[in-house]
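Student: I should like to learn how to read this structure. Might we begin with the surroundings of the ligand?

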Amino acid sequence: MTNAAVQLTGLTKRFGALTAVDGLDLTIRRGEVVALLGPNGAGKSTTIDMLLGLLRPDEGTVLLDGQAPAKAIAKGTVGALLQSGGLLPDLTAGETVRLTAALQQRSRPVREVLERAGVAEFANQRVGGLSGGQQQRIRFAMALVADPDLLVLDEPTTGMDVETRRGFWTTMRQETAQGRTVLFATHYLDEADAYADRIVLLRAGQVIADGTAAQIKAAVTGRTIRATLPGADLVGLAALPGVDRVETRGDVVMLHCDDSDTALRSLLGTTDARDVEVTARNLEDAFIALTAAGSSK
Ligand SMILES: Nc1ncnc2c1ncn2[C@@H]1O[C@H](COP(=O)(O)OP(=O)(O)OP(=O)(O)O)[C@@H](O)[C@H]1O
């Protein structure tokens, strides 16, 4: 079969005058790990809710492995971790996952899933008394227990401390190594950078960048040359070929360049610059640049 794991076409959702998701097209191949990255209100959760069939699109279509969401989900091939809800406070963590397993057409051994998701250590405690991060781990176990081909995770590490986050992503790596397709929404640039094969950057319900972390960084073109140059002639530096803008901090100059190779040759040829460093923009620079302008609709 050649169906994409996820195919969103012209997906649109309006809430009154607000267009939360605006004609979104997205195809995810099987086995891809995709981060849906964007600031608050970008439309990540609304997209995920439509993808899972929890919210009806105003326009557009969702296909999961070539089928409507309800059909794919009924077959048990989709596991989801949503931001809230879904937990009964009086059940224990273990009972919650066992109950979820019992409702699936196919399921993995509960004991194994409890271990994997880091729930085993508090499996006998009631859900209502657990922390937000522990409850997130239970939701993760619930998503895994169906042995899904597609895992959809809406801000999975919310409420987790640093160590738990790390453990979560270690487990995720093991899961994705088995060929699962994963779509996760996140605010965290480092998570998208470290764990996704592909980053889809959303702003105001539209895709504004789509590629590997390296491609997204490259989309915000330019590099910065940093050098020590006491008494620098700033006007002269700004006029060097390849230089966009010049900043100084004491004896250090920073040349923001659209062509750092040309700029570097001129800098070294015409000045006494030393301790020279050339750096690419990082994902945070790209994120800020791409999401900053015109974000309100
Ligand atoms: N049920 C609703 N009724 C009205 N407006 C809504 C509703 N759900 C979402 N919105 C609005 O739609 C926009 C997109 O929200 P959404 O939750 O999808 O964004 P998000 O990217 O997931 O944000 P966050 O990172 O804060 O979770 C926001 O402006 C939000 O206020």
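Student: How do the residues of the shell around the ligand divide into nonpolar, polar and charged?

Tutor: Ala, Val, Leu, Ile, Met, Phe, Trp, Tyr, Cys and Pro count as nonpolar, Asp, Glu, Lys and Arg as charged, and the others, Gly among them, as polar. Here, the shell has 4 nonpolar, 7 polar and 1 charged. A residue is near the ligand if its C-beta atom, placed from the backbone, lies within 6 Å of it; among those around the ligand are Phe-15, Lys-44 and His-187. This is a predicted model, in which local features need pLDDT of at least 70 and side-chain atom pairs count only at pLDDT 80 or more, while totals for chains, interfaces and linings use all residues. Residues are numbered from 1 along each chain as its sequence is written.

Student: Which element gives the most to the shell around the ligand?

Tutor: Helices (H or I, at least four residues) and strands (E, at least two) are DSSP runs, numbered from the N terminus. The element in question is α1, with 3 residues.

Student: What is the order of the strands in the open sheet?

Tutor: Two strands pair if DSSP finds at least two bridges between them. The sheet of 6 strands follows the order β5-β6-β7-β3-β8-β9, with mixed pairing. Since β5 (78–81) and β9 (206–211) each have a single partner strand, one side of each is left without a neighbour in the sheet.

Student: How many bridges join β5 to β6?

Tutor: There are 4 bridges, and the two strands run parallel. Leu-81, for instance, has Leu-153 in β6 as its bridge partner.
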